[in-house]
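User: Here is a structure that I would like to go through term by term. For each label, please set the value against its definition.

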Amino acid sequence: MQILQDKKIVLGISGGIAAYKTPELVRRLKEHGADVRVVMTDGAKAFITPLTLQAVSGNAVADSLLDTQAELAMGHIELAKWADLIIIAPATADIIARIAAGMANDLLTTLCLATSASIALAPAMNQQMWHALATQANVKTLNERGYLLWGPGCGEQACGDVGLGRMLEVEELVSLGSDYFSDKYLQDQHWVITAGPTREAIDPVRYISNYSSGKMGYAIAHAAVRAGAKVTLISGPVTLNAPVGCQLISVNSAEEMHLQALLFAPQCTIFVACAAVADYKVANIAAQKIKKTNDVMQLELVRNHDIVADVANLADKPFMVGFAAETQNVEQYARGKLVRKNLDLIAANDVAKSGQGFNSDDNALTLFSAIDKTDIPLANKQIVAQQLVSLINQHYLAKQS
Ligand code: PMT
């Protein structure tokens, strides 16, 4: 069954340009099984018609506080009691301010006061308005009152500015909706996850790196957040957005990743090393761009710290999960690393096979412990990650008992 199946979601739309994305949001929520009712402010109706939202939601759109159609003419109370979750998208600076002030001067603000359901805000506004002290104070107030904050994202805005203030994409909002209702079986755990490649500088303009995209590690972070864990994601340079709700620590080199891993690992329950860390770094990084003076050039490389092995050697070590990226003898090499690096589990992938491993959307893994192994068949990395996170937790709980 889908996580959103039969969930009752009120979508509150306020007056911002991002309102044009809301028919697609309604459509996607319904595809996932949710029952969606739409509430619009007057401002929203300047950007999108109620008729469109009625057509995609299959329900009449509510926009008036005094509703003669509703039982006892109190539509806001009916909707407030009906909702399992209220999502306000886009949430403009104005609606955020009115909700923070406790106003009840239209249906949407009244609904927020009258409901016991959780309310998620997906802010959308100009970056300057987002950073304004008043907006930030309002957001802080609502955060303290338990409102969920979904975004905003960063990027180019309708007004031409670039910065924080974009409404999250429809897919991200649907995913956050699913996260909200998903089973929080990792609620008391803190996961530290390394992801992506590292860059080892040669000179100010060149580096040594690898093909890791970060997709596998980010998918694990997302699956752990969805299951309720506190997640710290230590990531090399990638082009992905970190899953909403996790703490992102961005690094470049293996040395920086090593430093951050040792900083966060002592506080965590489970450490997952998915990053493709460079085994070697350049011994002497040139201060200036190296010139082409010789036909042959030699770089002296020295070993980097082994991050996962160093974390596993901490006196108070967390439950340790490594990865093994192999092109041959997968089981033999993976089991060797499991023992040598002092790990509880190792997830091995055959990176010689096309369509999986480095920089692909899909992967297949075999999870080895000292005594057994479990295959996770080829699938999208998000799905592989969900299975992996659940398996890791089972092994972790078995070790505790
Ligand atoms: O990022 P994607 O494009 O989605 O690709 C995913 C992936 C193929 C990178 C991922 O699934 C994966 O296999 N990650 C581990 C890559 C790797 O470096 O494997 P390894 O066999 O060389 O290293 C073994 C383990 O030691 C790994 O957990 C690695 O993070 C860790 N290590 C390695 C070297 C080092 N100096 N420090 C480490 O912690």
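**Sheets, salt bridges and burial**

Analyst: An open sheet is formed by 8 strands in the order β12-β11-β8-β13-β16-β17-β18-β19, with mixed pairing. Its edge strands are β12 (247-250) and β19 (373-380), each of which pairs on one side only. Averaged over neighbouring strands and ignoring direction, the turn between them is 15 degrees. The model is predicted, so local features need pLDDT of at least 70 and side-chain atom pairs count only at pLDDT 80 or more, while totals for chains, interfaces and linings use all residues. Residues are numbered from 1 along each chain as its sequence is written, and side-chain values use heavy atoms, with hydrogens and water left out.

User: What makes β13 and β16 a pair of strands?

Analyst: Strands are DSSP runs of E with at least two residues, helices are runs of H or I with at least four, and both are numbered from the N terminus. Two strands pair if DSSP finds at least two bridges between them. Strand β13 (residues 270-273) is joined to strand β16 (residues 319-326) by 4 bridges, and the two run parallel, so the criterion of at least two bridges is met. Within this pair, V272 stands opposite V321 in β16.

User: Which helix packs on this sheet, and what does the helix touch?

Analyst: Contact means heavy atoms within 4.5 Å. Helix α10 (residues 254-264) touches β8 (190-195), β11 (230-235), β12 and β13. The direction of α10 makes about 165 degrees with that of β11. Such angles run from 0 to 180 degrees between N-to-C directions, with axes as lines fitted to C-alpha atoms, for helices over the stretch in contact.

User: What is the strand order in the open sheet of 5 strands?

Analyst: The order is β2-β1-β3-β4-β5, with parallel pairing. The edges are β2 (35-40) and β5 (148-149), each pairing on one side only. Strand β3 (residues 85-91) pairs with strand β4 (residues 118-123) in the parallel sense over 5 bridges, and I86 stands opposite I119 in β4. Helix α4 (residues 93-100) lies across β3 and β4, at about 135 degrees to β3.

User: Why is the contact between R28 and E171 called a salt bridge?

Analyst: A salt bridge is a side-chain nitrogen of Lys or Arg within 4 Å of a carboxyl oxygen of Asp or Glu. For R28 and E171 the N to O distance is 2.5 Å, so the pair qualifies under the 4 Å limit. Side chains of opposite charge can pair when their charged atoms come close. The whole structure holds 20 salt bridges. R28 is in helix α1 (residues 22-31) and E171 in helix α8 (residues 170-181), so this pair ties together parts that are 143 residues apart in sequence.

User: Is R28 buried or exposed, and how do you know?

Analyst: Buried means under 20% relative accessible area, exposed over 50%, and partly exposed in between, with a 1.4 Å probe and protein chains only. R28 has 15% relative accessibility, so R28 counts as buried. Its partner E171 has a relative accessible area of 42% and is therefore partly exposed.

User: Where do R335 and E331 lie, and what makes them a salt bridge?

Analyst: Both lie in helix α12 (residues 330-340), 4 residues apart, about one turn of the helix. Their side chains meet at 3.2 Å, N to O. R335, at 26% relative accessibility, counts as partly exposed, and E331, at 32%, is also partly exposed. Elsewhere, salt bridges that share partners join E24, R27, R28, E31 and E171 into one network.

User: Which residues of α1 are buried, and what covers them?

Analyst: The buried residues of α1 are T22, P23, L25, V26, R28 and L29. Their cover includes β1 (8-13), β2, α2 (50-57), β3 and α8. Just after α1, G33 takes a positive phi of about 100 degrees.

User: Why is A34 called buried?

Analyst: The relative accessible area of A34 is 7%, so A34 is buried. A34 is found in the loop between α1 and β2. Leaving out residues up to four places away in sequence, A34 touches L4, K7, I9 and L29.
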